[in-house]
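Hi,

Here's the structure I promised to pass on. Have a look at it first, and then read my notes below.

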Amino acid sequence: MPAPLPPLSLSLQFARFDDVAEHRAALPRHKVTRWIRHALDGDVLQAEITVRIVDAEEGQMLNRDYRQKDYATNVLTFDYSSAPVVMADLVLCAPVVAREAAELGKPLAEHYAHLLVHGTLHAQGWDHETGEEEAEAMEAEEIAILAGLGLGNPYAQP
């Protein structure tokens with residue numbers, strides 16, 4: 001029998017932008033909660049995570065101000081504490097996520113699931129930018145988590 005999933009206190013926020021309804025529809029609270037809880041590892045006893053869906057302007061500003069990269073990226077993770085209590089903010093840029101989902105030929109919700117798992121792993125200390133071995137380990141973990149959620153490999157070529 002698998003270990004029970006840790007409790008999650010989730011704040012789900014949507015900025016105001018033109019096609020926010022499409023993004024709200026792709027991110028029902030129960031699914032976001034499920035995706036994040038499945039990405040929390042066994043050392044986590046509790047998590048407090050804010051997910052904020054933003055427009056390109058806010059996404060670019062945050063990426064520029066906090067990572068010194070002057071463009072909007074798909075997901076930013078701001079981690080404040082790790083296991084046993086994970087506290088983090090995950091900021092996803094709606095236009096970037098929508099564009100990527102279209103380019104990949106994937107449903108918007110499925111791409112959001114991948115990025116929320118990805119961001120949740122970052123909140124627990126995973127980092128794909130520190131080397132090839134770490135990147136491969138993180139990708140393998142994402143693939144396993146998404147498979148457990150009934151979703152396909154996000155890195156498989158169509």
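One thing before anything else: this is a predicted model, so please read what follows with that in mind.

I started with the sheet. Four strands make up an open sheet with mixed pairing, and their order is E1-E2-E4-E3. At the edges sit strand E1 (8–14) and E3, each of which pairs on one side only. On average, neighbouring strands here are turned by 10 degrees against each other, if you ignore direction. For anyone who wants the background, strands of a sheet pair through backbone hydrogen bonds, and they can do so parallel or antiparallel. E3 and E4 are an antiparallel case, joined by six bridges. If you'd like a spot to look at, find Val75, whose bridge partner in E4 is Leu92.

Two helices are worth viewing together with those strands. Helix H5 (residues 108–123) packs on the sheet, where it touches E2, E3 and E4, and its direction makes about 35 degrees with that of E3. H3 lies across strand E2 (46–54), E3 and E4 as well, and runs at about 50 degrees to E3.

While you're on H5, click on His118, which lies in that helix. Is His118 buried or exposed? It has a relative accessible area of 11%, and the cut-off for buried is under 20%, so His118 counts as buried. Setting aside neighbours within four places in sequence, His118 is in contact with Val75, His128, Met138, Glu142 and Tyr155. So Val75 turns up twice in these notes: as the bridge partner of Leu92 and, because it is on that contact list, beside His118.

Next, helix H2 (residues 29–39). Its buried residues are Val32, Thr33, Trp35, Ile36 and Ala39. They cover an arc of only 165 degrees around the axis, so they end up on the same side of H2. The general rule behind such a pattern is that an α-helix has 3.6 residues a turn, so residues three or four places apart point the same way. And what covers the buried residues of H2? The list includes E1, helix H1 (20–26), E2, E4, H5 and helix H6 (132–148).

Pro6 is another buried one. You'll find Pro6 in the segment before E1, with 7% relative accessibility. Its C-alpha atom is separated by 6.6 Å from that of Val44, although the two residues are 38 residues apart along the chain. Leaving out neighbours within four places in sequence, the contacts of Pro6 are Arg37, Leu40, Val44, Leu45 and Gln46.

Now for charges. Side chains of opposite charge can pair when their charged atoms come close. How many salt bridges does a search of the whole structure find? The search gives four, and here are three that I looked at:

- Glu58 pairs with Arg52, and their closest N and O atoms are 2.9 Å apart. Glu58 is partly exposed at 22% relative accessibility, and Arg52 is partly exposed too, at 24%.
- Arg64 pairs with Asp65, with 3.4 Å between the closest N and O atoms. Both count as partly exposed: Arg64 has 36% relative accessibility, and Asp65 has a relative accessible area of 41%.
- Asp70 and Arg64 also meet through their side chains, at 3.5 Å from N to O. Shared partners join Arg64, Asp65 and Asp70 into one network of salt bridges.

Last, two backbone oddities. As a rule, most residues other than glycine have a negative phi, and most peptide bonds are trans. Gln68 has a positive phi, near 60 degrees, and is not a glycine. Gln68 belongs to the loop between helix H3 (56–67) and E3, and counts as exposed at 61% relative accessibility. The other oddity is the peptide bond between Ala83 and Pro84, which is cis with omega at about 10 degrees. Pro84 has its place in the loop between strand E3 (75–81) and strand E4 (85–93), the two strands that six bridges join.

That's what I have so far. Shout if you want to go through any of it together.

Cheers

Technical notes. Residues are numbered from 1 along each chain as its sequence is written. This is a predicted model: local features need pLDDT of at least 70, side-chain atom pairs count only at pLDDT 80 or more; totals for chains, interfaces and linings use all residues. Side-chain values use heavy atoms; hydrogens and water are left out. Buried means under 20% relative accessible area, exposed over 50%, partly exposed in between (1.4 Å probe, protein chains only). Two strands pair if DSSP finds at least two bridges between them. Axes are lines fitted to C-alpha atoms, for helices over the stretch in contact, and angles run from 0 to 180 degrees between N-to-C directions. Contact means heavy atoms within 4.5 Å. The arc is that of the directions from the helix axis to the C-beta atoms.
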